[in-house]
Amino acid sequence: MPPCNSEMIDRPMNRENVRTIFVTRHGESQNNLYGKIGGDAGLTQRGEQYANTLACFINSLPEPCHKVLVSRLCRTHETAQYINIPLEVRPELDEINAGDHDNMTYEDIAEKYPVEFARRDEDKLNYRYPQGESYMDVVHRLKPIFEELKTEDNLLIISHQATIRCLMAILLRAPLADLPYMKIPLHTIIKLKISDTGISMEYIRMSVDCVDTFRPKPTNCSIDRNFEDACLTVPFHL
């Protein structure tokens, strides 16, 4: 199935010795559909369709990828199942650990832990989930991946929203304050062309419907806000 459209972002780069890296989130999962964060849920029917579409894209590349990196979570494995390339499981690529809030919806957290929910909205970059991780923790655990990307070519990474945000922010040298709000949509392939002097990034959206999991920062991050204000920017889910 062809991609429905693509967007290109060019930065100055040396066109010689260019390496290509493909990055994508897993296909739509059951937790995505029901608005739950974290967990280890499998793919929905649409997520399964994306796995097939991704495989058609990757398997037909004129210069094939030599390796696929996935996290330990089953939704990345299911997304890679039709790709004819060796798989390597890397714990560094796991989704941000939501700790005590794992498998909860944003509405559940806002109701049961309103102060924690407000604290995360106030400083999403540095907030650490109880018994879990912060975005900065994820940046630090990705260091071995960053080192590998200095030399890797024709590689596919299948990971998760928060993890890919960290990956992209560091590679693009984006302001860290913007990191937690980078848009990394489902069912989209990010094609990176990397050289010693620059980077080119292309978003290739595939023609498979999915939910939107992006949640903008609320205007009101006060710990005494009401439930409605706290959940104002929560994306639609079942």
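**Exercise 1. How many salt bridges does the count come to?**

Before solving, note the basis. This is a predicted model, in which local features need pLDDT of at least 70, side-chain atom pairs count only at pLDDT 80 or more, and totals for chains, interfaces and linings use all residues. Residues are numbered from 1 along each chain as its sequence is written, and side-chain values use heavy atoms, with hydrogens and water left out.

Solution.
- Step 1. Apply the rule: a side-chain nitrogen of Lys or Arg lies within 4 Å of a carboxyl oxygen of Asp or Glu.
- Step 2. The count comes to 13 salt bridges.
- Step 3. Take one pair: Arg215 and Asp121 meet at 2.7 Å, N to O. Arg215 sits in the loop between strand S7 (199–206) and helix H9 (227–230), and Asp121 in helix H5 (residues 114–122). The two are 94 residues apart. Helices (H or I, at least four residues) and strands (E, at least two) are DSSP runs, numbered from the N terminus.
- Step 4. Take another: in the salt bridge of Arg141 with Glu133, the closest N and O atoms are 2.9 Å apart.

**Exercise 2. Sort the salt-bridge partners by burial.**

Solution.
- Step 1. Set the classes: buried is under 20% relative accessible area, exposed is over 50%, and partly exposed is in between (1.4 Å probe, protein chains only).
- Step 2. Arg215 and Asp121 are both buried. Arg141 and Glu133 are buried too.
- Step 3. Now turn to Lys150 and Glu147, whose side chains form a salt bridge at 3.0 Å, N to O. Lys150 has 53% relative accessibility, so it counts as exposed. Glu147 has 48%, so it counts as partly exposed.
- Step 4. Salt bridges with shared partners also join Lys67, Glu88, Arg90, Glu92, Glu148 and Glu152 into one network.

**Exercise 3. Why is strand S2 largely enclosed by the rest of the structure?**

Solution.
- Step 1. S2 spans residues 19–25, and seven of its seven residues are buried, so the strand is largely enclosed.
- Step 2. In a regular strand, side chains alternate between the two faces of the sheet. Here Arg19, Ile21, Val23 and Arg25 point one way from S2, while Thr20, Phe22 and Thr24 point the other way.
- Step 3. Find the partners; pairing requires at least two DSSP bridges between two strands. S2 pairs with S6 (residues 188–194) in the antiparallel sense over six bridges. Thr20 has Lys193 as its bridge partner in S6.
- Step 4. S2 and S5 (residues 155–159) run parallel, joined by five bridges. In S5, Ile158 is the bridge partner of Thr24.

**Exercise 4. Which residues of the largest nonpolar core touch the most other members?**

Solution.
- Step 1. Define the core: buried Ala, Val, Leu, Ile, Met, Phe, Trp, Tyr and Cys residues joined through side-chain atoms within 4.5 Å.
- Step 2. The largest core has 44 residues, and Ile157, Met168, Ile190 and Leu192 touch the most other members.
- Step 3. Elements that each supply at least two residues include S2, S5, S6 and S7. H8 gives the most, with six residues.

**Exercise 5. Describe the lining of the largest cavity.**

Solution.
- Step 1. A cavity is a set of points on a 1 Å grid over the protein atoms alone where a 1.4 Å probe fits but cannot get out; lining residues have an atom within 4 Å of a point.
- Step 2. One cavity of 30 Å³ or more is counted. The largest cavity holds about 430 Å³ of space, a volume being the space filled by probe spheres set on the points.
- Step 3. Of its 30 lining residues, Lys36, Ile37, Gly38, Tyr106 and Gln161 are closest to the centre.
- Step 4. H8 supplies the largest share of the lining, three residues.

Technical notes:
1 Å grid on protein atoms, 1.4 Å probe; cavity = no way out; pocket = protein on both sides within 12 Å on 5 of 7 lines; lining within 4 Å.
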